[in-house]
Amino acid sequence: MPGKRSSRKNVTRFFCPYCEQRLWRRGGEKYHLFYTGALEIQQNVSMPRQSAVMLAAKGVYVDNNVWIEAFTCGRHGKMWLKVCRKEDGRTVTSLATDKDWKRTSRTIHPETPNPSVGEFTYRMSRQTSTKLIYHKE
C-alpha cells in the first residue's frame, strides 16, 4: 500500500475570505503574537488565572499557536492572515488587523512605509524612471 504513511494527506489548506479559493503560502516568516499582562494571557490563551499570573510574572509570553503569515490568492493577490491553531488540532484564520501587528515582535505593518526612511527618499523610490521604459528602435 504505497502512501500509507504519507503526511501529504494531513496538509492544512487555507481559503480566501473573499472568494473561497485556495490560498498558497508565500514561504515567508511566521510572526508569532505575544502578550504581556496576566489578563491578556488569560483571555487570549484561555488558561486559568493563576497560571496566567505566573507566566506574566516571568515577562513576555510568546504564543506559539497564533501567528501572522503571508498568503497568495489567485484573484486578490497577497494577503496577511492571522492563523490560530486550536487545542483539537484544527486551524482558524482571519485577516490580520493593526492590533494583531502591534502584538508581533520587531515587525511593522507591511502595508505602511518604513518610518526610518525620509519622505523625499520614499517618494523618489516610487517614481518611474525613463531608463526603465522599453524603447523599440
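Phe-14 is buried in this predicted model, because its relative accessibility of 5% falls under the 20% limit for burial. The ring of Phe-14 takes part in one of four aromatic pairs counted in the structure. The points below describe two of these pairs, a cluster of rings, and a charge placed over a ring.

**The pair Phe-14 and Phe-71**
- The ring centres of Phe-14 and Phe-71 lie 4.8 Å apart, within the 6.5 Å needed for a pair.
- Their planes meet at 50°, which is neither under 30 nor over 60 degrees, so the pair counts as tilted.
- Phe-14 belongs to strand β1 (residues 14–15) and Phe-71 to strand β4 (residues 61–73), so that distant parts of the chain, 57 residues apart, are linked by the pair.
- Phe-71 is likewise buried, with a relative accessible area of 0%.

**The pair Tyr-31 and Trp-80**
- The rings of Tyr-31 and Trp-80 are also tilted, because their planes stand at 45°, and their centres are 6.1 Å apart.
- This pair joins strand β3 (residues 31–35), which holds Tyr-31, to strand β5 (residues 77–85), which holds Trp-80.
- The two residues are 49 residues apart, and the pair links distant parts of the chain.
- Trp-80 has a relative accessibility of 14% and therefore counts as buried.

**A cluster of rings**
- Tyr-31 and Trp-80 form a cluster together with Trp-101, linked through ring pairs.

**A charge over a ring**
- The charged end of Lys-30 sits over the ring of Trp-67.
- The distance from this charged end to the centre of the Trp-67 ring is 4.4 Å.

Notes: Residues are numbered from 1 along each chain as its sequence is written. This is a predicted model: local features need pLDDT of at least 70, side-chain atom pairs count only at pLDDT 80 or more; totals for chains, interfaces and linings use all residues. Side-chain values use heavy atoms; hydrogens and water are left out. Rings of Phe, Tyr and Trp (its six-membered ring) pair if their centres lie within 6.5 Å; planes under 30 degrees apart count as stacked, over 60 as edge-to-face and the rest as tilted. Helices (H or I, at least four residues) and strands (E, at least two) are DSSP runs, numbered from the N terminus. Buried means under 20% relative accessible area, exposed over 50%, partly exposed in between (1.4 Å probe, protein chains only). A charge sits over a ring if NZ of Lys or CZ of Arg is within 6 Å of the ring centre and within 35 degrees of the ring normal.
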